[in-house]
Amino acid sequence: MTQATGVTRPGGRTARTREAVHAATRELLAESEDGTVEIAAVAARSGVHIATIYRRWRTAEGLVIDAVVQDLGARSPLPATGDLHADMLTYATNLLTDLRQPDHLTFFRAMARAAGGGETGLLDIAQFAEPRMREIQATLDASNTTVLNGRDVFELILSPAYIRALLSNSMDPESDAPRLVDNLIAVRDHRLARA
């Protein structure tokens, strides 16, 4: 799989191009009734040539996924202090707070739609979500946690949070974030006891 150029070079013109395209994508998603965007519309709004967008993101789905994942990283950073409980509590609290904002769900729905684009959508998610998965792994590594991985965080924190939000029953950051993190810590402790 070829990696998108816009993801690999963080500074200079590439960064400006990526930000302009992401800003246009976010605006168009906010205006979209079905969570889709057209590359031609992104090019027109961002001022970035359509060929550049196709070369760097290949598909509209890839573009949406990259914008959503970048947005998630900025809105819900993952700390890596070495205290897994505190780090995950900060992350889960930020995530649940964000999920109460209408625009956050718009982006998530768009990403879900993009992932439904068959093999191409799944490849795009894997490619553009890779930096986020590295952040999760860095948080686990900082606490010397070897019995958990990113999939555990996905299944025990992300999945319940997003499913509840999509069902219009968002979790409460104050009461539900500690519960989600306690579940993750309980799984870690159980695995350590069995090792």
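Arg-58 counts as partly exposed in this predicted model, because its relative accessibility is 33%. The residue sits in the loop that links helix H4 (50–57) to helix H5 (60–75). Its backbone deserves a second look: Arg-58 is not a glycine, yet it has a positive phi of about 70°. A further case of this kind is found at Asn-144, where phi is near 60°, again a positive value in a residue other than glycine. Asn-144 belongs to the loop between helix H8 (118–142) and helix H9 (150–166). With a relative accessible area of 67%, Asn-144 is exposed.

These two loops belong to a chain whose secondary structure comes to 10 helices and 0 strands. Read from the N terminus, the order of elements is accordingly α-α-α-α-α-α-α-α-α-α. The chain has 195 residues, and 42% of them count as buried. Among contacts in the chain with a separation of 6 or more, 68% join residues 24 or more positions apart.

The interior can be described next. In soluble globular proteins, nonpolar side chains tend to be buried together. Here, the largest nonpolar core holds 39 residues, and those touching the most other members are Val-42, Ile-53, Met-88, Tyr-91, Leu-95 and Ile-157. At least two residues of this core come from each of H2, H3, H4, H5, helix H6 (84–98), H8, H9 and helix H10 (173–194). Val-42 offers a good place to start exploring. Leaving aside residues up to four places away in sequence, Val-42 touches Val-21, Ala-24, Thr-25, Leu-28, Val-37, Ile-53 and Leu-63.

Several of these partners reappear where helices H2 and H3 meet. Helix H2 (residues 12–31) packs on helix H3 (residues 39–46) at an angle of about 120°, and the two axes are 9 Å apart. At this angle, H2 is oblique to H3. The crossing of H2 past H3 is right-handed. On the H2 side, the contact is made by Ala-20, Val-21, Ala-24, Thr-25, Glu-27, Leu-28 and Glu-31, while H3 contributes Ala-41, Val-42, Arg-45 and Ser-46. By class, the residues of this contact of H2 with H3 comprise 6 nonpolar, 2 polar and 3 charged.

H2 also packs against H4, here at an angle of about 100° and with axes 12 Å apart. H2 is therefore roughly perpendicular to H4. Thr-14, Thr-17, Arg-18, Val-21 and His-22 of H2 make this contact with Thr-52, Ile-53, Arg-56 and Trp-57 of H4. The residues of the contact of H2 with H4 divide into 3 nonpolar, 4 polar and 2 charged. Val-21 thus takes part in the contact with H4 and in the contact with H3. Another residue of H4 is Tyr-54, which is partly exposed, with a relative accessible area of 42%. From C-alpha to C-alpha, Tyr-54 and Ile-39 are 7.7 Å apart in space, and they are 15 residues apart in sequence.

The packing of H6 and H9 gives another view of the helices. Their axes come within 10 Å and cross at roughly 20°. H6 and H9 are therefore roughly parallel to each other. Their crossing is right-handed. From H6, the contact draws on Met-88, Tyr-91, Ala-92, Leu-95 and Leu-96, and from H9 on Val-153, Ile-157, Leu-158, Ala-161 and Tyr-162. What is the make-up of the contact of H6 with H9 by class? There are 10 nonpolar residues in it, with no polar and no charged ones. Met-88, Tyr-91, Leu-95 and Ile-157, which belong to this contact, are also among the residues that touch the most other members of the largest nonpolar core.

Finally, the loop between H5 and H6 includes Ala-80. With 43% relative accessibility, Ala-80 counts as partly exposed. The C-alpha atoms of Ala-80 and Leu-140 are separated by 7.6 Å, although the two residues are 60 residues apart along the chain. Not counting residues up to four places away in sequence, Ala-80 touches Asp-87, Ala-138, Thr-139 and Ala-142.

Definitions and conventions: Residues are numbered from 1 along each chain as its sequence is written. This is a predicted model: local features need pLDDT of at least 70, side-chain atom pairs count only at pLDDT 80 or more; totals for chains, interfaces and linings use all residues. Side-chain values use heavy atoms; hydrogens and water are left out. Axes are lines fitted to C-alpha atoms, for helices over the stretch in contact, and angles run from 0 to 180 degrees between N-to-C directions. Helices (H or I, at least four residues) and strands (E, at least two) are DSSP runs, numbered from the N terminus. Angles under 35 degrees count as roughly parallel, over 145 as roughly antiparallel, 65 to 115 as roughly perpendicular and the rest as oblique. A crossing is left-handed if the near helix is turned anticlockwise from the far one by less than a right angle, and right-handed if clockwise. Contact means heavy atoms within 4.5 Å. Ala, Val, Leu, Ile, Met, Phe, Trp, Tyr, Cys and Pro count as nonpolar, Asp, Glu, Lys and Arg as charged, and the others, Gly among them, as polar. Buried means under 20% relative accessible area, exposed over 50%, partly exposed in between (1.4 Å probe, protein chains only). A nonpolar core is a set of buried Ala, Val, Leu, Ile, Met, Phe, Trp, Tyr and Cys residues joined through side-chain atoms within 4.5 Å.
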